[in-house]
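Biologist: Could you take one part of this model and walk me through it closely, from how its pieces pair to what lies on its surface? After that, a few words on the rest of the chain would help me place it.

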Amino acid sequence: MPPPIFRCWLPLGAVALIAALVGGCQSYVDQPLAPGQTAAQLLNRSLASPDLRNYLQQNLGHDQTDWPPKSWDFETLNWVAFYYNPSLDLARLQWAGAQGSIITGAERPNPSVTLTPGYAFINQGEKTPWFPGVSVDIPIETAGKRSKRIAQAQWLAEAAKQNIFAAAWQVRADLRQALIDGDAAEKRSVVARRGVEAQQHVVDLLEQRRSVGAIAADAVSSARLALVKAQVDADSTERTLLVARSKLAETLGVPLAALEGQTLSADQVSTGRVFTPEELKAARAVALETRADIQSALANYQASQSALQLEIAKQYPDVHLGSGYVYDLGENKFDMSIGMDLPAFNHNEGPIAEAEAARRQAAAQLLAVQAHVIAQIDSAAAISAAAASQVDGLHKVDAELRKHLDQVHAQIDAGAADALDYQTALLDVSASELALVDAQAQAASASGQLEDALQVPFTNLPALSNDTPATIPATKP
């Protein structure tokens, strides 16, 4: 029979071991999703939410005393989009998953315990034929593998964090464009309606002349066709406005009904900064190092370096320390062991080659991103300069046409012109206004694209990655 101390402590040790293993485990918690409930939460989102107000106060740095605001400017709407837009939540959750990988990389390999009961088919007299045994194996990693795994996970987490900023810039760009499109559509609608009225006056005046035989019917038909086209264009601008409002609601992450009755200002949609060639060169140099997508690509490259170091470290085998106990026919036997894998058939050449190729790929990806950024900056700068020049030119044309309109008005007073001349001149002014509205929208869009290409920092950018409950609520109305 085993000694009394063994018979006493073996069951207690087994129970303690099982309790320790089970007690350290986590249990699964079911979290079902109800599409009807989540849809209702989305539809109930509002720009008057108290939680949104707290979020804006924290990130804009000033109290929202007038709530909801009478007018929403671009920067405030920017943070509304950061609060509601799901793409940022997704990027934050991906970052959280990457941070979990750091915990995984830091874990040490668990020891193993093996029970080896045996039975002896011999005449043992009063001695038990059973000889229980237990062995323990403790793996020890060598060559700093754990630190290299941690470094790789940390760099991947940094890349995921930079993706939050990249997503924020995309949301900002979408918001700006939606505001520009909406503002331009509203202005076009007003100008187009004035053009329809002027064209209707032209048709009426020509119809009067045709009725007395002063002109042929073909002249009236041409004017009526122009009226139909003007009416179609006016209706089209109203549809464009609805599309822009829908896009704006989507970017903000709220239903379209939440924008009803809200005044949304597009006055600050871009910095309006005009760069000299020297300033643009300096800003480009900074952007090529600090843009979020470049920082993400750089972090991925550093992660590939750590991955290569890890595969090289795997050439060196881990050590296994072992200890065993056997109660053998009345004798207590203990043993110690040390073991390792022998790199006899390979030295991890394949994974090392794969890791080296992955590092070259990550380096090429960084260069590709930088090349794209250079092209994006140069293109945006050229388009912005051309758009600004076009706006200046159209301003001059518009001034000349308005001057001509005043002259026609004066000629009418002097009896040298009639109402038809005035309405025709008014149509020219309306056409000029429409062209100017379009050019101004293109200039604002080009200026914003240059801002996005350079990623000019805006206020409180680090707060986007802050996932504390005070800043990013767990549930949003």
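Modeller: Happy to. Two strands are taken to pair when DSSP finds at least two bridges between them, and that is the rule behind the part I have picked. Please keep in mind that this is a predicted model.

The part is an open sheet of four strands, in the order β2-β5-β7-β8, with antiparallel pairing. β2 and β8 are the edge strands: each has a single partner, so one side of each has no neighbour in the sheet. From one strand to the next, the twist averages 15 degrees. As background, strands in a sheet pair through backbone hydrogen bonds, in either a parallel or an antiparallel sense.

Let's cross the sheet pair by pair, starting at β2. This strand covers residues 112-115 and β5 covers 133-140; the two run antiparallel and are joined by four bridges. To fix the register here, look for L115, which stands opposite V134 in β5. Next come β5 and β7, which are paired over eight bridges, again in the antiparallel sense. A handy marker for this pair is P139, whose bridge partner in β7 is H320. Then β7, residues 319-328, is joined to β8 by ten bridges, and these two strands are antiparallel as well. In that pairing, V319 has M340 of β8 as its bridge partner.

Now for the surface. V113, L115, V136, I138, I140, L321 and I338 make up a nonpolar patch there, and together they have about 610 Å² of accessible area. Where do these residues come from? β2 and β5 each give at least two of them, and β5 has the largest share, with three residues. L115 therefore appears twice in this picture: it belongs to the patch, and it is also the residue set against V134, in a sheet where β2 stands at an edge. On the opposite edge strand, I338 sits in β8, which spans residues 331-340. Is I338 buried or exposed? Its relative accessibility is 64%, and because exposed means over 50%, I338 counts as exposed.

The sheet also has a charged contact beside it in the sequence. The side chains of D318 and K145 form a salt bridge, at 2.8 Å from N to O. This pair links distant parts of the chain, 173 residues apart: D318 is in the loop between α9 (292-313) and β7, while K145 is in helix α6. D318 is partly exposed, at 23% relative accessibility, whereas K145 is buried, at 5%.

Helix α6, residues 145-211, takes part in another such link. E75 and R172 meet in a salt bridge, 3.1 Å from N to O. E75 lies in helix α4 and R172 in α6, so the pair ties together parts that are 97 residues apart in sequence. R172 is buried, with a relative accessible area of 3%, while E75 is partly exposed at 27%. Both residues belong to a network of salt bridges that also includes R176, E451 and D452. For contrast in sequence reach, R92 and D89 form a salt bridge at 2.9 Å, N to O; they are three residues apart in helix α5 (residues 86-106), so about one helical turn separates them. R92 is buried at 3% relative accessibility, and D89 is partly exposed at 22%. A search of the whole structure finds 22 salt bridges.

Two buried residues round out the helical side. Y84, in helix α4 (residues 74-84), has a relative accessible area of 0% and is buried. T251, in helix α7 (residues 217-252), is buried too, at 4%. Beyond its sequence neighbours within four places, T251 contacts A81, N85, V171, D174 and L175.

Finally, the wider setting you asked for. The protein chain has eleven helices and eight strands, and buried residues account for 35% of its 477 residues. Among its contacts with a separation of 6 or more, 77% are between residues 24 or more positions apart. The chain exposes about 27300 Å², with carbon and sulfur atoms supplying 59% of that area.

Key: Residues numbered from 1 in each chain as written. Predicted model: local features only at pLDDT ≥ 70, side-chain atom pairs only at ≥ 80, totals over all residues. Heavy atoms only, no water. Patch = residues over 30% accessible without salt bridge, like charges linked within 9 Å, V, L, I, M, F, W, Y side chains within 5 Å. Areas by Shrake-Rupley, 256 points an atom, 1.4 Å probe, with all protein chains shown as cover. Salt bridge = Lys/Arg side-chain N within 4 Å of Asp/Glu carboxyl O. Buried < 20%, exposed > 50% of the residue type's maximum accessible area, 1.4 Å probe, protein only. Axes fitted to C-alpha atoms, helices over the stretch in contact; angles between N-to-C directions. Contact = heavy atoms within 4.5 Å.
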